[in-house]
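This briefing is meant for someone meeting the structure for the first time. Please keep the sequence and the 3D view at hand while reading the points that follow.

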Amino acid sequence: MISIQQVGTTVFQTASIYLFLILSLRFLGRRQLGQLTPFDLITVLILGSAVETAMIGGDTRLMTGLVSAATLLICNAFISRLARHHKHFRRLVCGGPLLLVHDGEFINTHLIRAGLTRHEVEEALRQREIDDISTVRFAILEADGEVNVITMEHCKQIHRSKPMTEASHDLSR
């Protein structure tokens, strides 16, 4: 039978590994995350490992694996809730948007920070049918790993439509 001390140790170790991995992924870059949040990715990656450790590792008791899995799920729910309700915590754990291209020029310090190469950003642009970086006003790496692009042409269209809106507003007076 598993003791209360063993349960406490398992909970502490599992929660520590979870928090370590969340923070590590946040600071090592986000391009690998795709559409998963860091919480979801960590949970998926280590839930299987937690149960496997209990089945074939040093401690083969089922209860240890169940305690470890339950701890991961509780940590995930807690961290997700904190991130939903606290903007500063969400920014710390998930990060925020990062400008990669401005007015057709790469921002090298931001590429380094994101762990991306120019080639990878160019590939993301090609996926959006943009083959000339000089046509890009902004390319932004979002916290979820997605690259959003605003072209120079799109900015011109917005700029052109704005005076028309103001003029029509003046006519309605």
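Glu146 is partly exposed, with a relative accessible area of 29%, and in this predicted model its side chain forms a salt bridge with Arg128, where the closest N and O atoms are 2.6 Å apart. The pair links distant parts of the chain, since Glu146 lies in the loop between E3 and E4 while Arg128 lies in the loop between H6 and E3, 18 residues apart. Arg128, for its part, is partly exposed as well, at a relative accessible area of 28%.

**Salt bridges**

- A search of the whole structure finds two salt bridges, and besides the pair of Glu146 and Arg128 there is one in which the side chains of Arg137 and Asp103 meet, with an N to O distance of 2.4 Å.
- This pair, too, links distant parts of the chain, for Arg137 belongs to strand E3 whereas Asp103 sits in the loop between E1 and E2, and 34 residues separate them.
- Arg137 counts as partly exposed at 27% relative accessibility, and Asp103 is likewise partly exposed, with a relative accessible area of 32%.
- Why do both of these residues fall into the middle class of exposure? The class of partly exposed residues runs between the limit for buried, which is under 20% relative accessible area, and the limit for exposed, which is over 50%, so the 27% of Arg137 and the 32% of Asp103 both belong there.

**Overall make-up of the chain**

- The chain has seven helices and four strands, and when it is read along the sequence these elements follow the pattern α-α-α-α-β-β-α-α-β-β-α.
- Of the 173 residues of the chain, 29% count as buried.

**The sheet**

- In what order do the four strands lie in the sheet? They form an open sheet in the order E2-E1-E3-E4, and the pairing is antiparallel.
- Strand E2, residues 105-106, and strand E4, residues 147-151, stand at the edges, and because each has a single partner strand, one side of each is left without a neighbour in the sheet.
- Strands of a sheet pair through backbone hydrogen bonds, and they may do so in either a parallel or an antiparallel manner.
- Strand E1, which covers residues 98-102, is joined to E2 by two bridges, with the two strands running antiparallel; Val101 has Phe106 in E2 as its bridge partner, and His102 stands opposite Glu105 in E2.
- Strand E1 is also joined to strand E3, residues 136-141, by four bridges, again with the strands running antiparallel, and Leu99 has Ile140 in E3 as its bridge partner.
- Five bridges join E3 to E4, and these strands run antiparallel; here Leu141 has Val147 in E4 as its bridge partner.

**Hairpins and positive phi angles**

- E1 and E2 form a hairpin with two residues between them, and one residue of the turn, Asp103, has a positive phi of about 50 degrees, a positive value in a residue other than glycine.
- Asp103 therefore appears in two roles in this account, as a residue of the hairpin turn and as a salt-bridge partner of Arg137, while its relative accessible area of 32% makes it partly exposed.
- E3 and E4 form a hairpin with five residues between them, and Gly145 in the turn has a positive phi of about 95 degrees.
- Glu129 also has a positive phi, of about 60 degrees, although it is not a glycine, and its place is in the loop between helix H6, residues 118-127, and strand E3.
- Is Glu129 buried or exposed? At 76% relative accessibility Glu129 counts as exposed, because the limit for that class is over 50%.

**The positive patch**

- Lys87, Arg90, Arg91 and Arg113 form a positive patch on the surface.
- Helix H4, residues 87-94, supplies the largest share of the positive patch, namely three residues.
- Arg91 is found in helix H4, and with a relative accessible area of 49% it is partly exposed.

Note on methods. Residues numbered from 1 in each chain as written. Predicted model: local features only at pLDDT ≥ 70, side-chain atom pairs only at ≥ 80, totals over all residues. Heavy atoms only, no water. Pairing = 2+ DSSP bridges. Patch = residues over 30% accessible without salt bridge, like charges linked within 9 Å, V, L, I, M, F, W, Y side chains within 5 Å. Areas by Shrake-Rupley, 256 points an atom, 1.4 Å probe, with all protein chains shown as cover. Salt bridge = Lys/Arg side-chain N within 4 Å of Asp/Glu carboxyl O. Lys, Arg positive; Asp, Glu negative; His and termini not counted. Charge placed at Lys NZ, Arg CZ, Asp CG, Glu CD. Buried < 20%, exposed > 50% of the residue type's maximum accessible area, 1.4 Å probe, protein only.
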